[in-house]
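Hi,

Here is the structure I said I would pass on. Have a look at it first, and then read my notes below.

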Amino acid sequence: MSRGRICRIAAREIPKLAACNVAVPEGVTLRSVDPPPKPCLGIFHCGEALIRLLSPGLMAKRRDPDRAFASVPDEPCFDSVVVHELTHAAYDSAECPFVDCPATAEYAAYATQVRSLPAEAREAFEATSAFDHCVSRDYGCQLIGRIMGGAAFIDRECF
Ligand SMILES: [Zn+2]
C-alpha cells in the first residue's frame, strides 16, 4: 500500500519534530504490516530502528471508539501515530537513569502526537481528553527538549 504515503508523512513530520527538539535518527525504517504484532496501532522496536505500523485501512478498523483519539478522523490519526512512533525512535537514544523510562517515552510520544494533529483535530481531541494540555502548548517543546536531553522525567517533573 502506502509506502509513498508513509514517506510523505515522515518527510513532512521529521523537520517539525526537529523544530520541537525531537531529533529522529537517520536510518529508521517504517514498515506497514498487516496483521500487526500487538494489539496496538504502531510499535517501535528499541535498538532496531524499525517502526511497524498498521496499514491505514486496518488502523481505521482497529481504532477503539472509547479511546483518546476517537474524535480524530482516520487520516490525521494515522499520520499522528507515525509521529508517535518516530518520537519513540528519537527517545531510544536518550539517557535514562532507570532500567528504562517507559512513562517518559510515552509522555513525549503522546505530546508530539497531539502537537502534530491539524488544529481542528487537535481541538476536538483536547475537548474530549484529560491529557495534560500543557504539552501541546508552545512551551511544550522546551519540556520535550529536556526530556530528549535526558534532563527531565515525567514522574518527577510534571506531576
Ligand atoms: Zn508509545
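**The core**

The largest nonpolar core has 37 residues, and those with the most contacts inside it are L17, V22, V82, L86, A90, A108 and I144. At least two residues of this core come from each of α1 (3-19), β3, α3, α4 (102-116), α5 and α6 (140-148). The top contributor is α3, which gives nine residues. Keep in mind that this is a predicted model.

V22 is a good place to start looking around. Leaving aside its neighbours within four places in sequence, V22 is in contact with L17, T87, A90, T112, I144 and M148. Three of those partners, L17, A90 and I144, also appear among the core residues with the most contacts.

Just before V22 you will find N21, in the loop between α1 and β1. What is the sign of phi in N21? Phi is positive there, near 70 degrees, and the residue is not a glycine. As background, most residues other than glycine have a negative phi. N21 counts as partly exposed because it has 19 C-beta neighbours inside 10 Å, and the cut-off for buried is 20 or more.

**The sheet**

Now to the strands. There is an open sheet of three strands, in the order β1-β3-β2, with mixed pairing. β1 (29-32) and β2 (42-45) are the edge strands, each with a single partner strand, so one side of each has no neighbour in the sheet. On average, neighbouring strands here are turned by 20 degrees against each other, direction ignored.

How do the two pairings run, parallel or antiparallel? β1 and β3 (residues 50-53) run parallel and are joined by four bridges; within that pair, T29 has L50 as its bridge partner. β2 and β3, on the other hand, pair in the antiparallel sense, also over four bridges, and G42 stands opposite L53. These two strands form a hairpin with four residues between them. In its turn, G47 has a positive phi of about 80 degrees.

β2 is worth a closer look for its side chains. G42 and F44 point to one face and are buried, while I43 and H45 point to the other face and are not buried. That fits the general pattern, because in a regular strand the side chains alternate between the two faces of the sheet.

Helix α3 (residues 74-91) lies across β1, β2 and β3, and it runs at about 15 degrees to β2. This is the helix that gives the most residues to the core.

**Two more spots to click on**

L41 sits in the loop between β1 and β2. Is L41 buried or exposed? It is buried, because 22 other C-beta atoms lie within 10 Å. Leaving aside its neighbours within four places in sequence, L41 is in contact with L54, M59, R62 and V81. The C-alpha atoms of L41 and L54 are separated by 5.6 Å, with the two residues 13 apart along the chain.

Then there is A124, in helix α5 (residues 119-128). A124 counts as partly exposed because it has 17 C-beta neighbours inside 10 Å. Which residues does A124 contact, leaving aside its neighbours within four places in sequence? They are S71 and V72. A124 and S71 are 53 residues apart along the chain, yet their C-alpha atoms are separated by 6.1 Å.

Cheers

Terms used
Residues numbered from 1 in each chain as written. Pairing = 2+ DSSP bridges. Axes fitted to C-alpha atoms, helices over the stretch in contact; angles between N-to-C directions. Contact = placed C-beta atoms within 7 Å. Buried ≥ 20, exposed ≤ 12 C-beta atoms within 10 Å, placed from the backbone. Core = buried A, V, L, I, M, F, W, Y, C linked by C-beta atoms within 7 Å.
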